[in-house]
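Welcome! Take a look at the model below, then try the short exercises on charged side chains.

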Amino acid sequence: MTLQEVLDHFRALQKDAGRPERPDVFLDLSEVESAPDARQLSIVVGEMKRIGAKLRFGACAILASRDALFGMMRMFEALAEEFFRETRTFREPTEAVAWLASRQSLAERKAAD
């Protein structure tokens, strides 16, 4: 996964008329070999800010088993918090999936109230 691929993905999401208003996200980085640096994370967050109100998400579960990647994704959580209802980084896929499912049910209950 390259920085350009990430930026292209956000641009495609911006243009997607069929995208849900605040989709939940499961970001599986278990196959990613290297971690982004702080500059790259800043560029991604800058692109998210540029796109603005058109790009908002619900819960985001990030799966990152490698230590360096896990740490950088925790940094991403802080940098991108304004774009997500909530975000959490996990090392184990079962924990990430269970957490995301619990957040979806919580959001559904709140919407019904």
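Here are three exercises on the salt bridges of this predicted model, each with a worked solution.

**Exercise 1.** Find the distance between the closest N and O atoms of Asp 8 and Arg 11, and say how the two residues are placed in helix 1.

*Solution.*
- Step 1: The closest N and O atoms of Asp 8 and Arg 11 are 3.7 Å apart. A salt bridge needs them within 4 Å, so this pair qualifies.
- Step 2: Both residues belong to helix 1 (residues 3–15), and because they are three residues apart there, about one helical turn separates them.
- Step 3: Asp 8 has a relative accessible area of 40%, which makes it partly exposed. Arg 11 is partly exposed too, at 28%.

**Exercise 2.** Work out which parts of the chain are tied together by Arg 91 and Asp 67.

*Solution.*
- Step 1: Their side chains form a salt bridge, with an N to O distance of 2.8 Å.
- Step 2: Arg 91 sits in the loop between strand 3 (84–90) and helix 4 (93–112), while Asp 67 is in helix 3 (residues 67–79), so the pair ties together parts 24 residues apart in sequence.
- Step 3: Arg 91 is partly exposed at 35%, whereas Asp 67 is exposed at 59%.

**Exercise 3.** Locate the salt bridge between Arg 103 and Glu 86, then look for a network.

*Solution.*
- Step 1: Arg 103 and Glu 86 meet at 2.9 Å, N to O.
- Step 2: This pair links distant parts of the chain, 17 residues apart: helix 4 holds Arg 103 and strand 3 holds Glu 86.
- Step 3: Through shared salt-bridge partners, Asp 8, Arg 11, Glu 47 and Arg 50 join into one network.
- Step 4: The full count is eight salt bridges.

Notes:
Residues are numbered from 1 along each chain as its sequence is written. This is a predicted model: local features need pLDDT of at least 70, side-chain atom pairs count only at pLDDT 80 or more; totals for chains, interfaces and linings use all residues. Side-chain values use heavy atoms; hydrogens and water are left out. Helices (H or I, at least four residues) and strands (E, at least two) are DSSP runs, numbered from the N terminus. Buried means under 20% relative accessible area, exposed over 50%, partly exposed in between (1.4 Å probe, protein chains only).
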